[in-house]
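User: I have a protein model open and would like to learn how to read its features, one at a time. Could you start with the aromatic rings?

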Amino acid sequence: MRFLPLVWKNLMRRKARTIFTALSIVVAFVLFGILSAIRVAFGGGVDVTGADRLTVIHRVSLILPLPLSYRDRIAAVPGVQEVTFANWFGGIYQDPKNNLFEFAVDPKSYLDIYPEIVLPEAQKKAWLEDRSGAIVGPDVAKRFGWKIGDHIPIRGTIYRHANGSPGWDFTLDGIYTTNKKGFDTSAFLFQYDYIKEAQVRKDMVGWYVIKIADPQHAAQIAARVDALFANSPFETKTATEKAFAEAFAKQIGDVGSIITYIVTAVFFTILLVAGNTMAQSVRERTGELAVLKTLGFNDRLILGLVLLESCCLALIAGGIGLTLAWLFTLRGDPTHGYLGVFFIAQQDLIVGVLLALLLGAITGLLPGVRAMRLRIVDALRRV
């Protein structure tokens, strides 16, 4: 700690250079934070999926349906506590650009299996009793200006009425919140019975969600479920909810990998900028380093001072960048419902701090080693 004033004076020796280098690091970490939040959003809440939930889909593809009759057979499997289902609707509200994630569900069992969905009792009762009712998250309601009791016209792209009409009218019975950070609040949920008669193939659902008694037996229970329907026309593939969420998210694309490539490119550029700054700073102080060595500063201490200087710059600027990104995400989903969840995960903040420390160590290592190896006579000759 006693060397911090010396380190600070060295950083402020060339204020303009230090400030611009710090600003470049700040921008890099702001970008890192926001992209991390976007990765979480496009991950479909993968990190907050329930450990006690399994998902059953068609063995061939997620887009292929399963018979509704499977529900009772799955419920009879040992270790299964409760079963619900969901079905992708694929409708359009006013304009194709208005993306909505609409799911037809069985309201009671769906709410039981997903306690993360918080709905006032009055709104819950209204939804359970309203065949054409729907509930949405707060960001979706804000995005379209919806309020309780509104009639919402949706044009179906997959399901049509018996008379061929694609128009579906829903009543907004509730606006749900969540008691678990990161849980998706971008869904438009409505009763499966409302579209049941409009199916080309009757009594089919998209996928099942199972609540199990013991997450440690998930693999065994999944195998039992799939064995029930082996060699049938509708074979199943059962996996953890996390695996299902990852597969669902990757239909958009491997956003996580894309973001990783972008962040890597940005940090490589910042590494060059900060490294150049530290190299110039140490080179300008060749004479001073020689004096320090003359006064008894050993090689390791010289290396430590240079590394401390570079790490302080990286950690301060990186911390400011992460803080700004965190403050930005506190405002919520900037798309008002499209992303659903928008926050920086705790592990990403930790990774950000470690990256700042790594950036400081790498940028200060080469100049520090040169300063450590510097001979006093050679250094004084250059002054």
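Analyst: Gladly! The general idea first: rings of Phe, Tyr and Trp form a pair if their centres lie within 6.5 Å. Keep in mind that this is a predicted model. Here, ring pairs link Phe89, Tyr93, Phe144, Trp146, Tyr159, Trp168, Phe170, Phe188, Phe190 and Tyr194 into a cluster.

User: How many aromatic pairs does a search of the whole structure find?

Analyst: The search gives 23 aromatic pairs. Let's take Phe89 and Tyr159: planes under 30 degrees apart count as stacked. Their planes meet at 5 degrees and their ring centres are 5.8 Å apart, so this pair is stacked. Phe89 sits in the loop between β3 (80-88) and β4 (91-92), while Tyr159 is in the loop between β8 (151-156) and β9 (167-175), so the pair ties together parts 70 residues apart in sequence.

User: Are Phe89 and Tyr159 buried or exposed?

Analyst: Both Phe89 and Tyr159 are buried. For another geometry, look at Phe170 and Tyr194, an edge-to-face pair with 80 degrees between the planes and 5.3 Å from centre to centre. Phe170 belongs to strand β9 and Tyr194 to helix α7 (residues 193-196), so this pair joins parts that are 24 residues apart in sequence. Phe170 and Tyr194 are buried as well.

User: Now the chain as a whole. Which figures should I read for the protein chain, and how many helices and strands are there?

Analyst: The protein chain has 14 helices and 14 strands. Of its 383 residues, 47% count as buried. Then look at contacts in the protein chain with a separation of 6 or more: residues 24 or more positions apart account for 81% of them. The accessible surface comes to about 19,400 Å², and carbon and sulfur atoms hold 61% of that.

User: What about empty space inside? How many cavities of 30 Å³ or more does the search find?

Analyst: The idea is that a cavity is a place where a probe fits but cannot get out. Two cavities of 30 Å³ or more turn up in the whole structure. The largest cavity has a volume of about 60 Å³, and its lining is made of Asn10, Leu11, Arg17, Thr18, Thr277, Met278, Ser281, Glu309 and Leu313. The elements giving two or more residues to that lining are α1 (4-11), α2 (15-42), α10 (255-284) and α12 (299-329). The largest share, three residues, comes from α10.

User: And how do the lining residues of the largest cavity divide by class?

Analyst: Three are nonpolar, four polar and two charged. One of the lining residues is Thr18, which lies in helix α2. Buried means under 20% relative accessible area. Thr18 has a relative accessible area of 10%, so Thr18 counts as buried. Leaving aside residues up to four places away in sequence, Thr18 touches Leu11, Met12 and Leu313.

User: Which residues line the second largest cavity?

Analyst: Its lining consists of Ile25, Ala274, Met278, Ser310, Leu313, Ala314, Gly360 and Thr363. Two or more of these residues come from each of α10, α12 and α13 (346-373), and α12 gives the most, with three residues. The second largest cavity holds about 40 Å³ of space. By class, the lining has five nonpolar, three polar and no charged residues. Try comparing the two lists on your screen: Met278 and Leu313 appear in both linings.

Technical notes. Residues are numbered from 1 along each chain as its sequence is written. This is a predicted model: local features need pLDDT of at least 70, side-chain atom pairs count only at pLDDT 80 or more; totals for chains, interfaces and linings use all residues. Side-chain values use heavy atoms; hydrogens and water are left out. Helices (H or I, at least four residues) and strands (E, at least two) are DSSP runs, numbered from the N terminus. Buried means under 20% relative accessible area, exposed over 50%, partly exposed in between (1.4 Å probe, protein chains only). Contact means heavy atoms within 4.5 Å. Accessible areas come from the Shrake-Rupley method with a 1.4 Å probe; for residues, only the protein chains shown count as cover. On a 1 Å grid over the protein atoms alone, a cavity is a set of points where a 1.4 Å probe fits but cannot get out, and a pocket is an open set with protein on both sides within 12 Å along at least five of seven lines; lining residues have an atom within 4 Å of a point. Grid points are joined across faces, edges and corners, and a volume is the space filled by probe spheres set on the points. Ala, Val, Leu, Ile, Met, Phe, Trp, Tyr, Cys and Pro count as nonpolar, Asp, Glu, Lys and Arg as charged, and the others, Gly among them, as polar. Rings of Phe, Tyr and Trp (its six-membered ring) pair if their centres lie within 6.5 Å; planes under 30 degrees apart count as stacked, over 60 as edge-to-face and the rest as tilted.
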